[in-house]
Amino acid sequence: MKQCLIFFTFFLSALASAASVQEQMAQNPAVKAAIEELVIANHILYDQNAVDGYGHISVRNPSNPNTFFLARSIAPSVVTVDDIMEFDMDGKALHGDTRVAYGERYIHSGILKNRPDLNSVIHGHAPPILPYGLTGTTLKPVYHMSSFLGEGAPIFEIRNVAKPNPDTDMFISSVDLGNALSQSLGLQYFVLMRGHGYAAGADSIRKAVFRAVYAIQNASIQGEAMKMGQVQYLTPGEAAIAQETIEKTIGRPWQLWSERVKKP
Ligand code: MN
């Protein structure tokens, strides 16, 4: 009887991984909620200037830690539930889905594979972020809202890892480059990509969106402050305490931002 039960459980989990994205949404309320939130997050990121025609956000499958959901190759502001694809941790599309995927899906597979504590990853090219990677200036928390930046965001240098030629198209277009970016991120939540953009991660979609938006605001404020004089950054202690407080309240901006992108 016990063996029968084990076999049945195995059969059920095999069935779950074989189910298409639409079937999983119909069968599993957690998957449905995650995908619907992912669609709203795409629209918010565009509305908040964290992405433009380019950029993307992923979420780990709540019913399978070894897969994640990400839109097909399409502008974030027009993503719908029907555009969501499922990938494995090597960035391979599942269910025989042959639609064109983002070339940089390896940003998501690399970080989600190496960081089991993160469930959502965002990538974009927001202009205020760029000067830091270009000059090697550390992006550090100037206020409580971006305290998750801790002691400063690392900068990923693709020339140090691209093989065999350090000159590339700058894209994270392979499993190896996704892993290298994840190594640069280390145990932090935000990484700058020199001459390209950023990647942000969190344990939830809402927190990942919060971090992307406020890291970009921090970049603008820090840039202005640096023109005026010596900048007082949050100390590592202030950053840790402030992060604890502020990240309990992320439902508030999420409500504001999601109201703004509601379709009539
Ligand atoms: Mn990119």
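Helices (H or I, at least four residues) and strands (E, at least two) are DSSP runs, numbered from the N terminus. With that in hand, let's start the tour.

The model is predicted, so local features need pLDDT of at least 70 and side-chain atom pairs count only at pLDDT 80 or more, while totals for chains, interfaces and linings use all residues. Residues are numbered from 1 along each chain as its sequence is written, and side-chain values use heavy atoms, with hydrogens and water left out.

**Stop 1: a cis peptide bond**

Select P164, in the loop between strand 5 (155–156) and helix 6 (175–185). Look at the bond joining K163 and P164: this peptide bond is cis, with omega about -5°. As background, most peptide bonds are trans, and most residues other than glycine have a negative phi.

**Stop 2: strand 1 and its partners**

Now select residues 56–61, which form strand 1. Is this strand buried or exposed? Six of its six residues are buried, so strand 1 is largely enclosed by the rest of the structure. Here, buried means under 20% relative accessible area, exposed means over 50%, and partly exposed lies in between (1.4 Å probe, protein chains only).

Add strand 4 (residues 120–124) to the view: strand 1 and strand 4 run antiparallel and are joined by four bridges. Two strands pair if DSSP finds at least two bridges between them. To find your place, pick S58 and look for V121 of strand 4 opposite.

Next, add strand 2 (residues 64–71), which is joined to strand 1 by three bridges, again antiparallel. The link from strand 1 to strand 2 is a hairpin through two residues. Color N61 and N64, since N64 in strand 2 is the bridge partner of N61.

**Stop 3: two residues with positive phi**

Go to N49, in the loop between helix 3 (29–47) and strand 1. N49 is not a glycine, yet its phi is positive, about 60°. Its relative accessibility is 57%, so N49 counts as exposed.

Then jump to H95, in the loop between strand 3 and helix 4. H95 also has a positive phi, near 60°, in a residue other than glycine. With a relative accessible area of 31%, H95 is partly exposed.

**Stop 4: K92**

K92 lies in the loop between strand 3 (84–88) and helix 4 (105–114). At 52% relative accessibility, K92 counts as exposed. Which residues does K92 contact, leaving aside its neighbours within four places in sequence? Show E86 and F87 to see them; contact means heavy atoms within 4.5 Å. For a distance check, draw a line from K92 to S109: they are 17 residues apart in sequence and 9.0 Å apart in space, C-alpha to C-alpha.

**Stop 5: helix 7 and two neighbours**

Finally, show helix 7 (residues 205–228) with helix 9 (residues 251–260): their axes come within 10 Å and cross at roughly 85°. That makes helix 7 roughly perpendicular to helix 9. Axes are lines fitted to C-alpha atoms, for helices over the stretch in contact, and angles run from 0 to 180 degrees between N-to-C directions. Angles under 35 degrees count as roughly parallel, over 145 as roughly antiparallel, 65 to 115 as roughly perpendicular and the rest as oblique. Display P253, W254 and W257 of helix 9, which meet helix 7 residues including F210 and Y214.

Swap helix 9 for helix 3. The axes of helix 3 and helix 7 come within 10 Å and cross at roughly 10°, and these two helices are therefore roughly parallel to each other. Among the helix 3 residues that meet helix 7 are A34, L38 and A41.
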